[in-house]
Amino acid sequence: MPEPEQTGAFLAMNSLLRRLSISLAAVLLAAGALLAVGLQDFPRGLVEDYVLSRLRHDADLLYVRAAEAGPDPAALEAATRGAAGSTYELPLSGHYFLIQRGEQSNRSRSTWDEDVPLPRSAAGTESVTHVPGPAGQRLLALARRYADAPDAPEIVVTVAEDIAAIDGAIAAFRTRMLAGVAFALGVMLILQRRLLVRGLAPLHRAVDACRRLERGEATTLDGDAPAEVQPMIDAVNRLAHHHTQRLGRIRRAAGNLSHALKTPLAVLSQTADEIAAQGDEAHAGELRIHIDAMRSTMERELHRARLAGAGPTREYFEARGQLGALAAALQRLHADKDIAIELDVPDCRFPVDREDMLELFGNLLDNACKWARRHVRVSIDGAVAPGELSCHVDDDGPGVPDDMLHRLGTAGLRADENRPGHGLGLAIVGDIVAQYDGTLHYGRAPALGGLRVSVRLPLADD
């Protein structure tokens, strides 16, 4: 059978789960975003600080050599050659310097014949910039300004180093780190989702327990639950125990009342017979009417008590087999009319109480057989709507006038006083349908021409 739609309680639980999942996911994503921002700048700043410390050391060394060389340009070039290491001698090595003293300037041999745009120092003693270098290099340049004496020209030393390889390493590190962080966040989201589902699972079990309790089944919630949910689980268990005890008391009280009234009713019936034997038929008939009304009321209330307190059951309704046996019994009961009962039902198992369905179809078929001429038809279609049992019981009898259709099912109403019965069959059917929150409709049978009784019952989870 197709599963029914989820109840409002389960949807509410899902809504809570969704809200918690979204909020926790938002927190994790925010943390991941902050980490990504940190990875964007922190490694670069760390590495550039290390490179700048080396460049400051080289700039100070070059300044010392330039100050010792004096104002002679040749002496300046000779003094600074190889002063900061051989890397400044190799062409396009990625290490460059520029020394400026007044109008004089001296470049490292590593610049070769390229015009490397090394910046001059701006106002202040030190400036750091990024400039493009030859062959696609990306230079980190440090310019420092030195003043020996008020009347001596300032010496400005600019030192640069190619950090393109470092940038590539940082980018690769950042990519791997962000991939790892994304993977970790995904795992954390999955884990927190699982934890939430496990934490809220007792709520789902509580909903299922209430459904079973509604169907009259025995139910007890076992297992540990979170401290916030355990009080509700305990309350459901207490409610189930109280419900079972209360229904038991109702059934016992109804049974005791029935047994207590049977003897007085038998005595009254015997008294009516004695009065009739004495010739007072009118008085006896009136007394029998009241006795029958009392019996009908008692029988109806006993059926109500059975429906309200059916007790735990796991016997589901096997449509084809159980309706076949019921039809055979009714054909024997109405053998004088040679009624043909046609069954058009699926060979499937419906999650409804077997006794309730036998009571419902028994009353419908018995009523149809009383009025039918030759033919009664029962059809069940479980695919009309998901989670619903839909059935029709048709007969080829005279039918019911339109002005009486809305009154059918009223206790004590009989369309023909000459037919046997107390008019309780359809009233009991109405009670069963109401117990299942279903719908009951009376109309004209389209094919057979008699009465059609249509019943739709919502099905609980199997």
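1. In this predicted model, five strands make up an open sheet whose order is β2-β1-β5-β4-β3, with antiparallel pairing. The two edges are held by β2 (104-107) and β3 (126-132), and since each of these has a single partner strand, one side of each is left without a neighbour in the sheet. Averaged over this sheet and with direction ignored, neighbouring strands are turned by 15° against each other.

2. Within that order, the pairing of β4 with β5 can be followed residue by residue. Strand β4 (residues 138-146) and strand β5 (residues 155-162) run antiparallel and are joined by 8 bridges. A point of reference for anyone tracing this pairing on the model is A143, which stands opposite T158 in β5.

3. How many aromatic pairs does a search of the whole structure find? The search returns 3 aromatic pairs, and one of them is formed by Y88 and F97, whose rings lie 5.5 Å centre to centre with 55° between the planes, a geometry described as tilted. As for the surroundings of these two residues, Y88 counts as buried because its relative accessibility is 2%, against a cut-off of under 20%, and F97 is likewise buried, with a relative accessible area of 3%.

4. Another aromatic pair is that of F317 and F361, where the ring centres are 5.8 Å apart and the planes meet at 15°, so the pair is classed as stacked, the cut-off for that class being under 30 degrees. This pair links distant parts of the chain, because F317 belongs to strand β6 (residues 316-318) and F361 to helix α7 (residues 354-371), with their positions 44 residues apart in the numbering. Both F317 and F361 are buried.

5. Strand β6, which carries F317, is also paired with another strand: β6 and β8 run antiparallel and are joined by 3 bridges. In this pairing E318 stands opposite R349 in β8. Strand β8 (residues 349-353) is itself mostly covered, in that 4 of its 5 residues are buried.

6. On the cysteines, a colleague planning to look for crosslinks should note that the structure holds 0 disulfides. Is C348 buried or partly exposed? At 21% relative accessibility C348 counts as partly exposed, because the buried class requires a value under 20%. C391, by contrast, is buried, with a relative accessible area of 1%.

7. Helix α9 (residues 425-435) deserves a separate look, since its buried residues can be listed in full: L426, A427, I428, V429, D431, I432 and V433. An acidic residue, D431, therefore appears in that list beside the others. Just after α9, the backbone at D437 takes a positive phi of about 55°.

8. Taken as a whole, the protein has 9 helices and 12 strands. Of its 462 residues, 38% count as buried. Among contacts between residues at least 6 apart in sequence, 62% join residues that are at least 24 apart. The accessible surface comes to about 25400 Å², and 57% of that surface belongs to carbon and sulfur atoms.

How values were computed:
Residues numbered from 1 in each chain as written. Predicted model: local features only at pLDDT ≥ 70, side-chain atom pairs only at ≥ 80, totals over all residues. Heavy atoms only, no water. Pairing = 2+ DSSP bridges. Axes fitted to C-alpha atoms, helices over the stretch in contact; angles between N-to-C directions. Phe/Tyr/Trp six-rings, centres within 6.5 Å; stacked < 30°, edge-to-face > 60°. Buried < 20%, exposed > 50% of the residue type's maximum accessible area, 1.4 Å probe, protein only. Disulfide = S-S within 2.5 Å. Contact = heavy atoms within 4.5 Å. Areas by Shrake-Rupley, 256 points an atom, 1.4 Å probe, with all protein chains shown as cover.
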